[in-house]
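Work through the exercises below with the sequence and the structure at hand. Each task is followed by a solution in steps.

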Amino acid sequence: MNAQNTAIRTNRLNISPIEEWSVYKQRPLVIAGPCSAESEEQVMSTAAAIAASGRVDLFRAGIWKPRTRPDQFEGVGAIGLKWLRQVKEEYGLPVSVEVATEKHVYEALKHGLDAVWIGARTSVNPFAMNEIASALRGCDVMVFVKNPVNPDLELWLGALERISKAGITRLAAIHRGFSTWEKSAFRNQPRWQIAVELRQRIPDLGMILDPSHMGGNKSFITDLSQKAMDLNYDGLMIETHIDPASALSDKKQQVTPAELMALLDRLIFRSPTSNDPEYLETIEDLRNQIDIYDNLLLDILESRMQVAETIGRFKKEHNITILQSNRWKEVKDNAVDKGVRKGLTPEFVNIILEAIHQESITHQMNVMKEE
Ligand code: PEP
Ligand code: MN
């Protein structure tokens, strides 16, 4: 067994596949509702419109809001649980809330909520996760764990493991993106590969996209949701408010119930695979071609490193430094120009060349160290 298999074994969690327990009747599972519960009126009117659509599986509303700055609206608190309960009773919609402490869990359970989610500012903290996990022990609720604020797969995995160890089997992950210092169009960077890798590590884990917090603006929601469907995600969590312009939190990223329905109608579903023999034959042929090119790339890299080692020995004989800044700049600029002409993005060419350069330096250093 190789090291990777061992890692997968260790992470095997007792999770029920999402299609067996989720309330959803069609793909994707949809979690919708306002960022924050603000008043009974706002919660009930949003829920009425959402329930009428018949397309939402779980209602959401935050009542304890983990806001970045202290002067922002921090939620209505426990009173909001009564409104959520009312949504469940009047419209038959399962309801969920964000929990960040043991007390939140007890309050949510006491009010008969169907699901809880753990936010990005909480899943980052193993102490908080332990506390929440022990409060959830033995309870039969659905639990959704958002990715931690920073791009750390192990932390996300650890948060899920803690909840799983408390005996929760109806468990899924929510991908809401990662915060960065650099300003960019999105509020949080997707880093799709982290969620893809998480699914590989826990194959039964349901994956939900939260395009509202990822994009930070409602204009990005359709594209991000489509991308999630193309990556075979199981569901979407979309902040939906009866009157987004008057929302007390996350105003720019919330959609109305009507906009939510229009957006869901626009999604295109592609199957993860097909039984059509013609499709299977063609895809196999294309994948063989990819394998050939991947092998070629590795052969070329091997040859390139051999030349780098020869250069290393030659430089050693002549007592010359490894790093030659001018030469490196020239190599990179030429490659970026050439790559762009071949339809590659400059970012991609830069990343590849930097990685190759780093590897060449490592090989040259090893050669220089030789006796
Ligand atoms: C939320 O869902 O309202 C929320 C606070 O999200 P996040 O933890 O993703 O920031
Ligand atoms: Mn929000």
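**Exercise 1.** Find how strand 7 and strand 8 pair, and over how many bridges.

Solution. Strands are DSSP runs of E with at least two residues, and helices are runs of H or I with at least four, both numbered from the N terminus. Strand 7 covers residues 206-209 and strand 8 covers residues 235-239. Two strands pair if DSSP finds at least two bridges between them. Here there are 2 bridges, and the sense is parallel. Within this pair, Leu-209 stands opposite Leu-236 of strand 8.

The model is predicted: local features need pLDDT of at least 70, side-chain atom pairs need pLDDT 80 or more, and totals for chains, interfaces and linings use all residues. Residues are numbered from 1 along each chain as its sequence is written, chains are lettered from A and ligands numbered from 1 in the order written, and side-chain values use heavy atoms, without hydrogens and water.

**Exercise 2.** Which strands does helix 9 touch, and at what angle does its direction lie to that of strand 7?

Solution. Contact means heavy atoms within 4.5 Å. By this rule, helix 9 (residues 192-201) touches strand 6 (171-175) and strand 7. Axes are lines fitted to C-alpha atoms, for helices over the stretch in contact, and angles run from 0 to 180 degrees between N-to-C directions. The angle between helix 9 and strand 7 is about 160°.

**Exercise 3.** Place the strands in the whole sheet.

Solution. The order is 1-2-3-4-5-6-7-8, a closed barrel of 8 strands with parallel pairing. From one strand to the next, the twist averages 25°.

**Exercise 4.** Which distances separate oxygen atoms of ligand 1 from side-chain N or O atoms of Arg-60 and Arg-121?

Solution. For Arg-60 the distance is 2.7 Å. For Arg-121 it is 2.9 Å.

How values were computed
Polar contact = N/O pair within 3.5 Å; in protein donor to acceptor, adjacent residues only side chain to side chain.
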